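Thanks for asking me to look this one over with you. My comments are below as numbered points, so you can follow along in your viewer.

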Amino acid sequence: MAGESGVIVVGGGLAGLSAAARLHRAGIGTTVLEAGDDVGGRVRTDVVDGFRLDRGFQVLLPAYPAVRRLVDVKALRPKPFTRGTIAVTETGRRWLAGPWHGLPAVGGAAGFAAGHPGDAARMAALAARDLLAPDATVRADAGRSTAEELRRWGLSAATVEQVLRPFLAGVFLDPSLRTSARMFHLLWRSFLRGGGVLPAEGMQALPRQLADGLPPGTVRTGVEVAEITADGVRTGDGEHLPARAVIVATDGDTAARLLPGVEAPAWHAVTTFYYRAAATPLRSPTLLVDGLDELLLNTAVLSEVAPGYAPSGSALISASVPDRADPGLEPQVRRRLARIYGTETGGWDLLAAYALPRALPVFGPGAPLRLPVRLAPGRYVCGDHRDTPSVQGALVSGQRAAAALMADLTG
């Protein structure tokens, strides 16, 4: 059942598929058991009335080193966001993007530089440092939070509160910006080097590509693992599957339940709302961030980024509230979107609301970049709770777990 080497990977998300891909390249037969009805884990895309709805607002960063190594990004037909943002400020919407994005961006950048010359210079210095510094410098941990790091760079409270905090809260799902400064620098570097994109067919195209690279029959969906036994796994329906080695590639809570010695992580939540509109409220593939309201909304017209996310003649708008899992926020979100886009939103149809209490593991100051993936001979764990809470971390952790297993098999 588990191939000639008897290896079972529990979980068909990015980490599990990454591990299976490395084992397959090494000629080690592997079975991936996924509890859901399809691969992807937390990276899933639903199709509702012809709209593609990612489960929670997600963006792929092609500059992630693991993505460059393991993913055929071109085959995903990536659709880019604007490399910048529109910030909702006390003086209205302000474009903060490169001047090549058109006159609004030119005016926004010029206005920001004129009104905040010190912040503009410090932001440029911060960008240059993270873009050009050696990896060791960017990865170094000074034990500071992102909020502390922004203060250390001398950025004004107004720029942090109205621009950086709402943007980074949407990325980290952490309005307090207690996330490690090291995580901030690593992500900032990837944004600078490649921007963000959406696969043309939704974020789930990423795990599906990884799964398609495995031999037919490797992935079994709809199989929940209830127990890791001494010589394999026991499924929820009582079936025992023997295995020489097991990699648990689930979310951190499930891994802690299955594997003694693994500590469940703390989590950041998110609630993402998707709306259908008859016409686009903004003709630009740009993320808008709102620092003037407690929701700290980030929102985008996803059909302007990736036209295939919506049927012809309709627009798809996403709006995410970081660190809150509460679909009851919808009326408040709808009212705020009317202010942000300067249009009536009462006629927008709510397509779905994803309230996700376990969206991203918490990664606080001083957190190690990597936790052990080898628990004992034949027992391994991976997932974004073992590395950075990101696509990069999930892919890397799967590679590390596979490498540790291979070393044990040949040692």
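**Notes on the model**

1. Let me start with a pair in the later part of the chain. In this predicted model, Arg370 and Asp387 meet through their side chains in a salt bridge, with 3.4 Å from N to O. Arg370 sits in the loop between strand 18 and strand 19 (374-376), while Asp387 belongs to the loop between strand 20 (379-381) and helix 13 (391-410), so the salt bridge ties together parts that are 17 residues apart in sequence. The two partners are worth viewing with the surface switched on. Arg370 is partly exposed at 44% relative accessibility, whereas Asp387 is buried, with a relative accessible area of 5%.

2. A word on confidence, since you will want to know how far to trust the details. The average pLDDT of the protein chain is 94, and 99% of the residues score at least 70. Please be careful with residues 1-5, where the pLDDT is below 50. Beyond near neighbours in sequence, that stretch has 17 contacts in the model.

3. Now to the other salt bridges. The count for the model comes to 23. One of them joins Asp251 and Arg358, whose closest N and O atoms are 3.3 Å apart. This pair links distant parts of the chain, 107 residues apart: Asp251 is in the loop between strand 13 (245-248) and helix 10 (252-258), and Arg358 is in strand 18 (residues 349-361). Is Asp251 buried or exposed? With 18% relative accessibility, Asp251 counts as buried, because the cut-off for that label is under 20%. Arg358, in turn, is partly exposed, with a relative accessible area of 39%.

4. Strand 18 also holds a partner in the next pair. Asp349 forms a salt bridge with Arg276, and their closest N and O atoms are 3.4 Å apart. Asp349 lies in strand 18 and Arg276 in strand 14 (residues 267-277), so parts 73 residues apart in sequence are tied together by the pair. Both residues count as partly exposed: Asp349 has 37% relative accessibility, and Arg276 has 24%.

5. His385 deserves a moment of your time. The residue is located in the loop between strand 20 and helix 13, the loop that also holds Asp387. His385 is buried, with a relative accessible area of 9%. What surrounds His385, leaving aside its neighbours within four places in sequence? The contacts are Thr250, Asp251, Gly252, Ala255, Pro265, Pro361 and Leu371. Asp251 will be familiar from the salt bridge with Arg358. For Thr250 there is a further detail: its backbone oxygen lies 3.3 Å from a polar atom of the His385 side chain.

6. Next, a sheet that is easy to trace by eye. Strands 10, 11 and 12 make an open sheet of 3 strands in the order 10-11-12, with antiparallel pairing. Strand 10 (225-229) and strand 12 (240-242) are at the edges with a single partner strand each, so one side of each has no neighbour in the sheet. On average, neighbouring strands of this sheet are turned by 25 degrees against each other, direction ignored.

7. If you would like to check the register, begin with strand 10 and strand 11. The two form a hairpin with 2 residues between them. Strand 10 is joined to strand 11 (residues 232-235) by 4 bridges, and the two run antiparallel. Within this pairing, Thr229 has Gly232 as its bridge partner, and Ile228 has Val233.

8. Finally, two backbone angles to look at. Most residues other than glycine have a negative phi. Arg77, which is not a glycine, has a positive phi of about 50 degrees. Arg77 is in the loop between helix 2 (65-70) and strand 5 (78-80) and is partly exposed, with a relative accessible area of 45%. Leu173 is not a glycine either, and its phi is positive at about 60 degrees. This leucine lies in the loop between helix 7 (157-172) and helix 8 (181-194). Leu173 is buried, with a relative accessible area of 8%.

Note on methods: Residues numbered from 1 in each chain as written. Predicted model: local features only at pLDDT ≥ 70, side-chain atom pairs only at ≥ 80, totals over all residues. Heavy atoms only, no water. Pairing = 2+ DSSP bridges. Axes fitted to C-alpha atoms, helices over the stretch in contact; angles between N-to-C directions. Salt bridge = Lys/Arg side-chain N within 4 Å of Asp/Glu carboxyl O. Buried < 20%, exposed > 50% of the residue type's maximum accessible area, 1.4 Å probe, protein only. pLDDT = per-residue confidence, 0-100. Contact = heavy atoms within 4.5 Å. Polar contact = N/O pair within 3.5 Å; in protein donor to acceptor, adjacent residues only side chain to side chain.
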